[in-house]
Amino acid sequence: VVNGATTLVLDAASRQVLDAQTLSGGIGLITVGTSVTWIDVVKPNGGNTVAEIGQSARIGTAPGAGPVGGISMQARAVTEASTTTHAMSVGGVAATINFAWVDLNPEVRASVAESASLKTSFVSPLYDGDVSVLASADHKASARIKAFAGGVVGVGVNRAATTVAPAVRAELVGALGGHASIDAAGDVTIA
């Protein structure tokens, strides 16, 4: 319950810089080497950034409540992830098999949950009753393989892949399907 405020600000921000490297090598008459490098940031296991006004919250709507001049919610996530696989095999018969993956699929969410009730009022030109619910993600991923197989017979098999697919949501209704209510004196922005 928030009974009065010039402005209510909820800001959830995360910044992750992830780097993984592997190194493998072999020398002999017959050499086979393999290396796997993998970064996995997937909901619900981790990497989530959430700003939320919870279920049945009351902001500026309780009897006798003072004015709330604005509500600003933002969930922002920045993730940079890179993998590098270094591999070498040298011999009469040499083979190297290598993999590098980056999967970035976290949740970034700004939400007003079910049954929440929000009311804003014009307090001044700076606090004009606006409500904003914003979510954004800026994710970058790279996967590299540097490999060498040398010999009378040399074979190399490499696979590098990235997936960047965050679930970015700005919403007024929570997971249970109830309805949130907003009575705003100014603009309402959901993005």
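**Strand pattern.** I read the protein chain along the sequence and got β-β-β-β-β-β-β-β-β-β-β. The tally is 11 strands and 0 helices. I note here that the model is predicted.

**Overall dimensions.** I looked up the radius of gyration next. For the protein chain it is 25 Å, whereas the globule rule gives 16 Å for 191 residues, so the chain is more spread out than a compact globule. I then took the spans along the principal axes, and the C-alpha trace covers about 85 × 35 × 20 Å.

**Burial, surface and contacts.** How much of the protein chain counts as buried? I find 34% of the 191 residues in that class. The accessible surface comes to about 9800 Å², and carbon and sulfur atoms hold 55% of that surface. For contacts in the protein chain with a separation of 6 or more, I looked up the share from residues 24 or more positions apart; that share is 85%.

**Sheet E2-E5-E9.** I turned to the sheets. One open sheet has 3 strands in the order E2-E5-E9, and the pairing is parallel. Which strands are at the edges? They are strand E2 (49–53) and strand E9 (167–171), each of which pairs on one side only. The twist from one strand to the next averages 5°. I looked at the join between E2 and strand E5 (residues 107–112) and found 5 bridges, with the two strands running parallel. To place the register I noted one position: Glu-52 stands opposite Ser-111 in E5.

**Sheet E3-E6-E10.** I then went to an open sheet of 3 strands in the order E3-E6-E10, where the pairing is parallel. Its edge strands are strand E3 (58–59) and strand E10 (181–183), and each pairs on one side only. How many bridges join E6 to E10? I find 3 bridges between strand E6 (residues 117–119) and E10, and these strands run parallel. Leu-118 has Ile-182 in E10 as its bridge partner.

**Aromatic pairs.** I searched for ring pairs and found 2 aromatic pairs in the structure. In one of them, the rings of Trp-38 and Trp-101 have centres 5.9 Å apart and planes at 65°; an angle over 60 degrees makes the pair edge-to-face. I checked where the two residues sit in the sequence. Trp-38 is in strand E1 (residues 8–42) and Trp-101 is in strand E4 (residues 71–105), so I logged the pair as a link between distant parts of the chain, 63 residues apart.

Is the other pair stacked or edge-to-face? The rings of Phe-99 and Trp-101 have centres 5.4 Å apart and planes at 10°, which is under 30 degrees, so I entered this pair as stacked. Taken together, the ring pairs link Trp-38, Phe-99 and Trp-101 into a cluster.

**Exposure of the ring residues.** Last, I looked up accessibility for two members of the cluster. Trp-101 has a relative accessibility of 28% and counts as partly exposed. Phe-99 has a relative accessible area of 26% and is partly exposed. Both entries follow from the cut-offs, because buried means under 20% and exposed means over 50%.

Methods:
Residues are numbered from 1 along each chain as its sequence is written. This is a predicted model: local features need pLDDT of at least 70, side-chain atom pairs count only at pLDDT 80 or more; totals for chains, interfaces and linings use all residues. Side-chain values use heavy atoms; hydrogens and water are left out. Two strands pair if DSSP finds at least two bridges between them. Helices (H or I, at least four residues) and strands (E, at least two) are DSSP runs, numbered from the N terminus. Rings of Phe, Tyr and Trp (its six-membered ring) pair if their centres lie within 6.5 Å; planes under 30 degrees apart count as stacked, over 60 as edge-to-face and the rest as tilted. Buried means under 20% relative accessible area, exposed over 50%, partly exposed in between (1.4 Å probe, protein chains only). Axes are lines fitted to C-alpha atoms, for helices over the stretch in contact, and angles run from 0 to 180 degrees between N-to-C directions. The radius of gyration is taken over C-alpha atoms; the globule rule is 2.2 Å times the number of residues to the power 0.38. Contact means heavy atoms within 4.5 Å. Accessible areas come from the Shrake-Rupley method with a 1.4 Å probe; for residues, only the protein chains shown count as cover.
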